[in-house]
Amino acid sequence: MTEANVEIASSLVSRIIPAPRRKVYGAFLDPGKLAGWLPPGHMNCKVHSFDPRVGGHFRLSLFYTDPAEAALAKSSDECDTFWGTFVELHPGLRIVETIRFETRLAEFTGEMRITVTFHDDEEGTEVRVLCENIPPGIPPESNEAGWLSSLDKLRRLLVCDGTSGGRA
């Protein structure tokens with residue numbers, strides 16, 4: 001009997017956000033702010049539920065606004081819906097969560113683990129996002145591009161919000 005050789009994909013990205021760690025960390029746990037910066041590209045986000053505590057659950061949908069990209073949808077003809085659990089919350093330092101896509105497509109099933117760490121930098125806060133066990137239907141380079149787009153939106157949000165400058 002042979003076992004399928006399935007490579008477990010992961011990705012790591014980072015960005016400098018010109019804001020104190022506590023503000024950047026807070027933007028990950030504020031559902032209103034999260035809906036504004038998390039969807040990559042031109043996508044939109046709906047927060048269905050959000051309980052930011054260890055063991056707390058969340059459920060979000062990311063909607064494609066470009067019909068040409070809608071073919072990438074994992075949950076329906078127009079969106080990616082996922083739910084998750086907060087595994088660890090260390091204020092200003094680290095967030096660990098697990099997520100699962102709501103899908104019938106086998107290539108998008110499984111539990112992905114996302115670890116976000118926050119580090120002081122001369123220019124503000126370095127945010128590192130490590131995604132582990134990426135479902136096989138998501139190329140790691142697409143996952144990286146999505147996260148980099150989201151972190152760029154976070155940067156713009158916090159700069160426009162007047163929260164840039166200084167350390168935690």
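**Helix packing, core and selected residues**

In the contact between helices H1 and H3, Lys 23, Val 24, Ala 27 and Phe 28 of H1 meet Trp 147, Leu 151, Leu 154 and Leu 158 of H3. Sorted by class, this contact of H1 with H3 comprises seven nonpolar residues, one charged residue and no polar residues. The structure described here is a predicted model. Helix H1 spans residues 21–29 and helix H3 spans residues 140–160; their axes come within 11 Å and cross at roughly 120 degrees. The crossing of H1 over H3 is right-handed.

The secondary structure of the protein consists of three helices and seven strands. Along the sequence, these elements follow the order β-α-α-β-β-β-β-β-β-α. The protein has 168 residues, of which 42% are classed as buried. When contacts between residues at least 6 apart in sequence are considered, 54% of them join residues at least 24 apart.

The largest nonpolar core contains 39 residues, and those with the most contacts inside it are Val 24, Phe 28, Ile 95, Val 127, Val 129, Trp 147 and Leu 154. Helix H1 supplies the largest share of this core, with five residues. Several of the residues with the most contacts in the core also take part in the helix packing: Val 24 and Phe 28 on the H1 side, and Trp 147 and Leu 154 on the H3 side.

Ile 95, another of the residues with the most contacts inside the core, is located in strand E5, which covers residues 94–101. Ile 95 is classed as buried because its relative accessibility is 2%, under the 20% limit. With neighbours within four places in sequence set aside, Ile 95 contacts Tyr 25, Phe 28, Leu 29, Phe 86, Glu 88, Leu 89, Ile 114, Thr 115, Val 116 and Phe 118. Among these partners, Phe 28 is also one of the H1 residues that meet H3. Val 116 is separated from Ile 95 by 21 residues in sequence, whereas the C-alpha to C-alpha distance between the two is 5.1 Å.

Strand E4 comprises residues 79–90 and includes Thr 85. The relative accessible area of Thr 85 is 16%, so this residue is buried. Excluding residues up to four places away in sequence, Thr 85 touches Gly 55, Gly 56, His 57, Phe 58, Val 96, Glu 97 and Thr 98. Val 87 is also placed in strand E4. In contrast to the buried Thr 85, Val 87 is partly exposed, with a relative accessible area of 32%. Apart from neighbours within four places in sequence, the contacts of Val 87 are Val 54, Val 96, Glu 97, Thr 98 and Arg 113. Val 96, Glu 97 and Thr 98 thus appear among the contacts of Thr 85 and of Val 87. Val 87 and Thr 115 lie 28 residues apart in sequence, with their C-alpha atoms 9.5 Å apart.

In helix H3, Glu 144 was also examined. Its relative accessibility of 28% falls between the 20% and 50% limits, so Glu 144 counts as partly exposed. Beyond its neighbours within four places in sequence, Glu 144 is in contact with Ser 11, Leu 12 and Val 13. The C-alpha atoms of Glu 144 and Ser 14 are 9.5 Å apart, although 130 residues separate the two in sequence.

Asn 133 is found in strand E7, which extends over residues 124–134. The phi angle of Asn 133 is near 60 degrees, a positive value in a residue other than glycine. With a relative accessible area of 32%, Asn 133 is partly exposed.

The count of disulfides is zero. Two cysteines differ in their accessibility class: Cys 79 is buried, at 7% relative accessibility, and Cys 160 is exposed, at 70%. The class of Cys 160 follows because its value is over the 50% limit.

Note on methods
Residues are numbered from 1 along each chain as its sequence is written. This is a predicted model: local features need pLDDT of at least 70, side-chain atom pairs count only at pLDDT 80 or more; totals for chains, interfaces and linings use all residues. Side-chain values use heavy atoms; hydrogens and water are left out. Axes are lines fitted to C-alpha atoms, for helices over the stretch in contact, and angles run from 0 to 180 degrees between N-to-C directions. Helices (H or I, at least four residues) and strands (E, at least two) are DSSP runs, numbered from the N terminus. A crossing is left-handed if the near helix is turned anticlockwise from the far one by less than a right angle, and right-handed if clockwise. Contact means heavy atoms within 4.5 Å. Ala, Val, Leu, Ile, Met, Phe, Trp, Tyr, Cys and Pro count as nonpolar, Asp, Glu, Lys and Arg as charged, and the others, Gly among them, as polar. Buried means under 20% relative accessible area, exposed over 50%, partly exposed in between (1.4 Å probe, protein chains only). A nonpolar core is a set of buried Ala, Val, Leu, Ile, Met, Phe, Trp, Tyr and Cys residues joined through side-chain atoms within 4.5 Å. A disulfide is a pair of cysteine sulfur atoms within 2.5 Å.
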